[in-house]
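Welcome, and thanks for taking a look at this one with us. Please have the sequence and the model open side by side as you read.

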Amino acid sequence: MAAAEPIFTDPKQLLLEMAEQRSVDSLLRLVAARLADSPQVALARVWLTLPPGTCDICRQSGREPGTEPALHLVAGAGRSVAAPEEAWDQIDGAFHRFALGERKVGQIGLSGRPLEVPDVDPHSPWVADSDWVRREGITGFGGQPLVHHGRVLGVLAVFTRAPLDGEALGWLRMVANHAAAAIATARAFEEVETLRRQLELETEYLRGEVRAAHYGRFVGQSPALDAVLRQVEFVAPTDATVLITGESGTGKELVAREVHARSRRAARALIKVNCAAVPRDLYESEFFGHVRGAFTGAVRDRVGRFELADGGTLFLDEVGELPLDLQPKLLRVLQEGEFERVGEERTRKADVRVVAATNRDLRREAEAGRFRPDLYFRLGVFPIEVPPLRRRPEDVVPLGEHFLEQAAKRLGRPVPKLTPADAERLRGYPWPGNVRELQHVIERAAIVSAGRRLALNLPEAVPAADRATAPAPAGARDQVLTEAEFRDLERQNIRAALRKAAGKIYGPGGAAELLGLKPTTLASRMKALGVRLAE
Ligand SMILES: Nc1ncnc2c1ncn2[C@@H]1O[C@H](COP(=O)(O)OP(=O)(O)OP(=O)(O)O)[C@@H](O)[C@H]1O
């Protein structure tokens, strides 16, 4: 007598293929399809235990979500002998959802124990549709819970057209155990990814907090600074885009932080992007994020700055350095709040208020074709100009005292106060590097003075060629330079600073400090002007 046909076709091969699946969906579809491959299997189905309100099928079909976890059909395959045209791989319909405890599938889900009916009697109370059982010649039912660490993740069940033997039930158990382990692993990965994303958001938020703490409060009593603060007060509560202009080191970032702090977004993050410091080919990913594999080096998904700033404020520092080809994309987010991650089709939305800053004359840049006029108009809805320190001499001494106090605190020792003669010298200096230069001068003095008189080390005179951002010397004030001449002058000036700093850009005595620029700004300007270090 020939041995009976095994119920499942090549279950070992199925176990091997299961190990290669990358997603839970494809894994469960594979299980159902392969089990139903055999002519002896009428129907194979997998249900997963899902919390209320999380099943897409129920949502789409308008079914009320319920209040308890339930079993939801997620994969199915089979063949009707009575009506071969019927599709049995559908997962919506009458047996899509079972409450725990309801009928055979619900019993397995609730108890976590297998349920086998080797010889199905069409009249048994277990049979929901006795006509179907008779019509399709169903003779066996085997259901296995998908259990991982004692938790029932779902149920795998088959209806067969031959009695289920011990061997088939053993394979079914093995397939169910493999599937449960794969589901648990995939969910653990998902959780790690969510936590990683949360951590990324929190880190960025905390970085912002640290920066904000470093920035501290506004100091100054000049009418010019007052006027700036009044504008901040006026625009902060609105969601308008703000463009802050002014020379380097005047306090533009401080103004941006103040706009955020006084807005309804204050409890959310202020995310900063220094447009001069982003490498050319990473702009899009920096702003909008990317998905794994979008380009070489994109080893995992990355959240862009727009997404990080969702609900908060995005501060675009040195916005004048933004490459022309990225400007239309920025304009689109500003107008529609929509963007895509690099390498992904899906359109995402973010509710972001943009505050931008620049020390360039953006209108001129737009006229010269280096900045898109439409973006300039969009950014410049509410412009705030921060005046250079030389136009508000009343602020110099209060700022000096403020920085001295901060330095003393940081150094943990008493630092001499400003004498009237010191104050006079500070007021008499033109501060081409603005407040940042004043801060550096005072900090250096505090470090070297160690209890003695404050040793203020001010450059005596600032030669014209050493001023990156200073006003033109008195005699030259009316002289108009062409753009080419102006750039040439800027080039010479940067070269002079580099020579003086012996090629050093960063740190005390570096060219950036001499010019009163941020090192990143200097680096990008050198690149734009074609100035190289080795010249
Ligand atoms: N009114 C002020 N009161 C207190 N500190 C100030 C004030 N203005 C500027 N500062 C300080 O001076 C430094 C430079 O300011 P900030 O970075 O805001 O300038 P910026 O105009 O954004 O410069 P850049 O154009 O180079 O980016 C910061 O440390 C800032 O805290």
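For sorting residues by character, Ala, Val, Leu, Ile, Met, Phe, Trp, Tyr, Cys and Pro count as nonpolar, Asp, Glu, Lys and Arg as charged, and the others, Gly among them, as polar. With that in hand, the shell around the ligand divides into seven nonpolar, nine polar and five charged residues. Please keep in mind that this is a predicted model.

**The ligand shell**

The ligand is surrounded by 21 residues, and the closest are Val219, Gly251, Lys252, Glu253 and Val435. Two or more residues of the shell come from each of helix H8 (252–261) and helix H16 (434–449). Seen by domain, at least three shell residues belong to domain 2 (216–385) and at least three to domain 3 (389–458).

**The open sheet**

Now let us turn to the strands. An open sheet is built from six strands in the order S3-S2-S1-S6-S5-S4, with antiparallel pairing. Its edges are strand S3 (97–99) and S4, each of which pairs on one side only. From one strand to the next, the twist averages 20°. In general terms, strands of a sheet pair through backbone hydrogen bonds, either parallel or antiparallel.

Three of the pairings are set out here.

| Strand pair | Bridges | Sense |
|---|---|---|
| S4 (115–117) and S5 | three bridges | antiparallel |
| S5 and S6 (151–160) | nine bridges | antiparallel |
| S1 (41–50) and S6 | seven bridges | antiparallel |

Individual partners help to fix the register. Leu115 has Gly143 in S5 as its bridge partner, Gly142 stands opposite Val158 in S6, and Val41 stands opposite Thr160 in S6.

How many residues lie between S5 and S6 in their hairpin? Two residues separate the strands, and His149 in the turn has a positive phi of about 45°. Strand S5 (residues 140–148) is mostly covered, with seven of its nine residues buried.

**Helix H2**

Helix H2 (residues 24–35) makes a good last stop. Its twelve residues reach 17 Å from the first C-alpha to the last, close to the 16 Å expected at 1.5 Å a residue. Which residues of H2 are buried? They are Val24, Leu27, Leu28, Val31, Ala32, Arg34 and Leu35. A general point is useful when reading such a list: an α-helix has 3.6 residues a turn, so residues three or four places apart point the same way.

Methods. Residues numbered from 1 in each chain as written. Predicted model: local features only at pLDDT ≥ 70, side-chain atom pairs only at ≥ 80, totals over all residues. Near = placed C-beta within 6 Å. Helix = DSSP H or I, 4+ residues; strand = E, 2+ residues; numbered from the N terminus. Domains from an automatic or database assignment. Expected span 1.5 Å × (residues − 1). Buried ≥ 20, exposed ≤ 12 C-beta atoms within 10 Å, placed from the backbone. Pairing = 2+ DSSP bridges. Axes fitted to C-alpha atoms, helices over the stretch in contact; angles between N-to-C directions.
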